[in-house]
Amino acid sequence: MELTKILAAKRPLWQELDRLCAALANPIRRRSLPAETIIRFSSLYRAACADLALADAYHFPPETVRYLHQLVGRAHNQLYRAKSFDVRAWFVELFVVLPRRLAADRILWLAFALFFGVFLLSAFGGFVNPDFAREVVGADHLTGIESSFSDAPRGRDFTIDVGMAGFYVFNNATIGLRCFVFGLFWGVGGLYETMFNAIVLGAVFGHMAASENAKNFFEFVAGHSAFELTAVVLSAAAGMRLGFSLVFTQGYSRTDSLRLAGRLAMPMVGLAVLLFVGAAMIEAFVSPADVSPLLKASVGAGTAVMLAAYLILPRWLGDDAGERT
């Protein structure tokens, strides 16, 4: 009789916890729940845990014990579930906080100067000496590039554009991932991979600038180069930041130093991904299109202006930019 009274008194609380579990499982309803409800849920969860221990100790009916196990398990999953992706927080991080930090990021400026400095030197070498580009890129590969730009880009089937978009995304992701991962080798690997990409790309650009197909080549690359080359630099800088954190720990343990560097590097990787995808879309649908070369050059200029605005505008918005965004 005493057990019946206990179960009768506890059952409304269990049913209330069950309803709150259902509400928390719904993403839309969960966001509208007031703080008092969450506090109530926590209190009911602790009480249910105590009831489960009591049920096991005093041999409550098996169906009751089974129900409590399921209820406590559901409540535990809701209370300790993985934190949901906060779109607004990431938007503010990528478009307000990150651009302010990039201007003062010495590792980014190192990657930028190294990449574009070597790129320009390699382009000059490829322009004045055809043998340089053949040694760097390979004669067969260079011949294939020349052949692919023997005709001006004047459109192709839309299904081919869609397929090529996937290929360009994969290719860009491969380049970015290599730059990032090599940076983990104490930063030295990132320096090597950055220079390697700069030398190869610079040699190709320089060689094509001196070839008879220069106009076709630059018509194709004009639209997406700003996004793609900037993304390469960002990927390299993010990897080097993690690698250098293992060498220059600033008094932290290597684990803590790597963790702190990761908080700064991951938004840079996110920005690089956006730029790589944007470059791939332009390369797939705009670069080969049968439109005026001037329009393609305007797209390239527009992407460069967007990058400049990305770095400059958040500084003009003031310290409360995140809140206003």
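# Notebook: helix pairs, cysteines and a few loop residues

I began with helix 12 (residues 225-245) and helix 13 (residues 254-285), whose axes come within 8 Å and cross at roughly 165°. I should say at once that I am looking at a predicted model. An angle over 145 degrees counts as roughly antiparallel, and helix 12 and helix 13 are therefore roughly antiparallel to each other. I also looked up the hand of the crossing of helix 12 and helix 13, and noted it as left-handed. Sorting their contact by class, I wrote down 20 nonpolar, six polar and three charged residues.

Next I went to the loop between helix 12 and helix 13, where I found Q250. Its phi caught my eye: Q250 is not a glycine, yet the angle is positive, about 55°. Most residues other than glycine have a negative phi. Is Q250 buried or exposed? I found Q250 exposed, with 71% relative accessible area.

I then looked for the other loop residue on my list, W186. W186 sits in the loop between helix 9 (158-183) and helix 10 (188-210). Here too I noted a positive phi in a residue other than glycine, with W186 near 55°. My accessibility entry for W186 reads 52%, so I filed this tryptophan as exposed.

A third loop gave me another kind of entry. D105 is placed between helix 5 (87-102) and helix 6 (106-128). Is D105 buried or exposed? With a relative accessibility of 5%, D105 counts as buried, since the cut-off for buried is under 20%. Which residues does D105 touch, leaving aside neighbours within four places in sequence? I found R241 and M268 in contact with D105. That took me back to my opening pair, as helix 12 spans residues 225-245 and helix 13 spans residues 254-285.

On to helix 7 (residues 130-137) and helix 8 (residues 139-148). I read that their axes come within 7 Å and cross at roughly 110°. Angles of 65 to 115 degrees count as roughly perpendicular, so that is how helix 7 and helix 8 stand to each other. On the helix 7 side I listed A133, R134 and V137, and on the helix 8 side A139, H141 and L142. By class, I put the contact of helix 7 with helix 8 at four nonpolar, one polar and one charged residues.

My last helix pair was helix 1 (residues 2-25) with helix 4 (residues 62-79). Their packing angle is about 35°, and I noted the axes as 10 Å apart. Helix 1 passes helix 4 in a left-handed crossing. Among the residues that meet there I picked out W14, D18 and C21 from helix 1, and Y67, L71 and R74 from helix 4. I counted 11 nonpolar, three polar and two charged residues in the contact of helix 1 with helix 4.

C21 made me check the cysteines. How many disulfides does the structure hold? My entry says zero. I looked up why C21 has no partner: the closest cysteine sulfur, in C49, is 11 Å from its own, too far for a bond, because a disulfide needs the two sulfur atoms within 2.5 Å. C21 is also buried, at 1% relative accessible area. Finally I checked C179 and wrote down 0% relative accessibility, so C179 is buried as well.

Note on methods:
Residues numbered from 1 in each chain as written. Predicted model: local features only at pLDDT ≥ 70, side-chain atom pairs only at ≥ 80, totals over all residues. Heavy atoms only, no water. Axes fitted to C-alpha atoms, helices over the stretch in contact; angles between N-to-C directions. Helix = DSSP H or I, 4+ residues; strand = E, 2+ residues; numbered from the N terminus. Parallel < 35°, antiparallel > 145°, perpendicular 65-115°, else oblique. Left-handed = near helix turned anticlockwise from the far one by under 90°. Nonpolar A, V, L, I, M, F, W, Y, C, P; charged D, E, K, R; others polar. Buried < 20%, exposed > 50% of the residue type's maximum accessible area, 1.4 Å probe, protein only. Contact = heavy atoms within 4.5 Å.
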